[in-house]
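Student: I am new to this structure and should be grateful for a close look at one part of it. Please take a single residue as the starting point.

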Amino acid sequence: MAAQYLTIHQNTEFELVIKKSRFICSLARVHSEQEAQDFITRISKENRKANHNCYAYLLGDNDQIQRESDNGEPSGTAGVPILEALQLAHVHDVCAVVTRYFGGIKLGAGGLIRAYSNVTTEAIAQAGLVERITQQVVAITVPYRLNDQVHYYLEQAGLALAGEEYGVDVTIRVFINLEEVDEQIQTLTDRFNHQLQIKKEDQRFHEVPLNNYPLK
């Protein structure tokens, strides 16, 4: 799996009204083409009375799978702008479906491109972005008398907690960047004079919210 990548924080829906036409962008995380197609089918059924349900999606560590559809709009005015908006935000494993209810006023090719691009960009901004990072989970068994000191160190070191268990001792699980694992274990061992039991466990994706990430 990839060490890290960007994706949307949550599924969302965003609407723009442009010259009486309604453009509704529905965004979802997807992990396979089947998931993407199922999402497109569901949104299209929910909006079966719409004039168009255009879409684009990106899948894979390097966006190996890229699909887009104009769904009846003039060629290149819908699917490609949606896809390019996803690419511009550098998101991965995301599907966007933009539903259009025609309002009676033609927008022209340029107007359509801007509309489909803008509504997708705004939907991404509303959904928010997270960086999914592959990190090592490390279990630290701590005597109760050292619990506060260890917590203080972890907070100062910026290490996110993955969980805690209370028994004879306290077991604290933390996420550590892969390249920092051995150094952090050595630091903890030295700082607490070998009074901690430290064990590497599995590697997991940990999601870090990104604030004010530029979409342009």
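Is D63 buried or exposed?

Tutor: D63 is buried, because its relative accessible area is 16%, and buried means under 20%, exposed over 50% and partly exposed in between (1.4 Å probe, protein chains only). The model is a predicted one, in which local features need pLDDT of at least 70 and side-chain atom pairs count only at pLDDT 80 or more, while totals for chains, interfaces and linings use all residues. Residues are numbered from 1 along each chain as its sequence is written, and side-chain values use heavy atoms, leaving out hydrogens and water.

D63 belongs to the loop between strand 4 and strand 5 (65-69); helices (H or I, at least four residues) and strands (E, at least two) are DSSP runs, numbered from the N terminus. Neighbours within four places in sequence aside, D63 is in contact (heavy atoms within 4.5 Å) with L58, V91 and H92. Q203 lies 140 residues from D63 in sequence and 23 Å from it in space, C-alpha to C-alpha.

Strand 4 leads on to the interior. The largest nonpolar core (buried Ala, Val, Leu, Ile, Met, Phe, Trp, Tyr and Cys residues joined through side-chain atoms within 4.5 Å) has 26 residues. F23, C25, L27, I82, L86, V98 and Y116 touch the most other members. Strand 4 (52-59) is among the elements that each supply at least two residues of this core, as are helix 2 (79-88) and helix 3 (108-127). Helix 3 gives the most, with seven residues. Where these two helices meet, P81, I82, A85 and L86 in helix 2 face I113, Y116, S117, T120, T121 and I124 in helix 3.
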